[in-house]
Amino acid sequence: MTPSRAAAQAGGATTGQAGQPAGGLPARGEFVVRGAHVLTMDAGIGDLPSGDVHVRNGAIVAVAANVAAPGADAIDGRGTICMPGFVETHWHLWTSVFRPIMRQDDPARSYFPVTSRLGQHMTPEDSYRSVRMGLAEALSAGVTTVHNWAHNVRSPAHADAELSAMRDMGVRGRFAYGSPQGMANDTAMDLADLARVKREWMPNDGMLTLGICSRNVGNDPNPMRGTVTIDMAKKEWGGARALGLPITLHTSGPPVAKLLDGAGLLGPDVQLVHPLNTSAEDRAILARRGVSYSTSPTGESRRPGDIQLAELLEAGVKTSISIDHNTTYNCDCFVCMRMLYSMNLHRMGKKFQLTTKRLVQLATIDGATDLGIADKTGSLTPGKRADLILVRTTDINMAPVGDPYDALVALAQPTNVDTVVADGRILRRGNKFTALDHGKVVRDGAESAAALRARAKWPA
Ligand SMILES: [Zn+2]
């Protein structure tokens, strides 16, 4: 099935070919955000307590105290922080539709049993709707780049459906192609389809990139998902590398850094997720090999172990922040930063100083570095693509604002995100989508959830 046909069957209002931008997105225009407190996250430019950001044809063309841009539309940035959109680096968007079926306080109805069982009943249309619903929340919370950790690609049509949803929503992101839930551990992922996706979807219009998500590797006695041998990992990772694609891996079980390094598998194209159980030796290996680590504090705080942010940063390991899923908690990068700040104090006291600015860097430019797209996004730098948000500082939970970084980490919440721009398209303005029918996205998601529940005969 061609991607456009898959997308059509998946219910996407798409008219373009695989790699082309879809219809239905607002055009990339020319505008200037004026008078905002601009946090560029670019060390060379710094911050502007009252500054302008000029955007044209999807690119940032100027950032300064006063930008002359006759003819450009003006967006009043007064009373807002203008900053890069958040770059999250690991999210199972295919699970979004399971939200109404889960209970975080009932182990039988928690995230893993629901997603691993009902996930096996997903159609491409369900995948499309789930990814689209998750991305609607992402955008509403100021996330403009995602790493779609798709470990339920049940067929080529499912891959096309997930990619179609990413394209149709106008976000930037990496699609990490993975094996479907329930697949036998001794079966290799579909490397032929991975090659097809690369051929048909990349490089598209520059918004989407491709990688793989590996199953867990090693001898986890109690795996939450599939676990493969080192030989299978060599086969799958080798297949990805032959296509020039990066690799991501959960480290939920026993430590794996030494095992992977011993097999010669680690390199700067590898991202690990959930830094809860690394040793000093592991961290030295990861720093030496250029491996990155993504922490999802909202979920990790519910698991045994410590979120080792201080240790990773001290060891010089590339680190970033991720949402993981939005079923038993919401998408909230402000809360992620706040939790990391609090838990660092809780664990380390004064032994490791973590500033609020460092946290905002981790949630923006460091995420872009992790995903290998820091040349395109993660900071408000002229020449980069225009992925930016305006966070209102006049709302009751924010005003009156002192230090902007402190306000973002201590006080802000997704409803303060007034305006969201991705690749120069104004996707949200005044807390509302400019083109997307959010109600339909939610209704479609709820319909898929009900159908999945019935097909899986859940909870019987
Ligand atoms: Zn995960």
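His-250 and Asp-324 are both buried, a term that denotes a relative accessible area under 20%, with exposed meaning over 50% and partly exposed in between (1.4 Å probe, protein chains only). The model that contains these residues is predicted, so that local features need pLDDT of at least 70 and side-chain atom pairs count only at pLDDT 80 or more, while totals for chains, interfaces and linings use all residues. Residues are numbered from 1 along each chain as its sequence is written, and side-chain values use heavy atoms, with hydrogens and water left out.

The two buried residues belong to the zinc site. The protein donors of the zinc ion are His-90 (NE2), His-92 (NE2), His-250 (NE2) and Asp-324 (OD), at 2.0 to 2.7 Å from the ion. Donors are N, O and S atoms within 2.8 Å of the metal (3.2 Å for Na, K and Ca); water is not among the atoms, so sites may look incomplete. Along the chain, these donors follow the spacing H-x1-H-x157-H-x73-D. The pair of His-250 and Asp-324 links distant parts of the chain: His-250 is in strand β12 (residues 247–250), whereas Asp-324, 74 residues apart from it, is in the loop between β15 (318–321) and α11 (333–348). Helices (H or I, at least four residues) and strands (E, at least two) are DSSP runs, numbered from the N terminus.

The arrangement of the four donor atoms is irregular because they subtend angles of 82 to 173° around the zinc ion. Four donors count as tetrahedral if all angles lie between 85 and 135 degrees; four count as square planar and six as octahedral if opposite donors are over 155 degrees apart and all others between 65 and 115; anything else is irregular.

Attention now turns to Arg-129, in helix α3 (residues 124–140). Arg-129 counts as buried because its relative accessible area is 10%. Its side chain reaches the backbone oxygen of Asp-444 at 3.2 Å, and the side chain of Arg-129 also contacts that of Glu-447 at 3.2 Å. Leaving aside neighbours within four places in sequence, Arg-129 is in contact (heavy atoms within 4.5 Å) with Val-97, Asp-444, Glu-447 and Ser-448.

Leu-371 lies in the loop between α13 (365–370) and β16 (388–392). Leu-371 counts as buried because its relative accessibility is 5%. Not counting residues up to four places away in sequence, Leu-371 touches residues including Val-87, Glu-88 and Arg-174.

Notes. A polar contact is a pair of N or O atoms within 3.5 Å; within protein, one must be able to donate a hydrogen and the other to accept it, and residues adjacent in sequence count only if both atoms are side-chain atoms.
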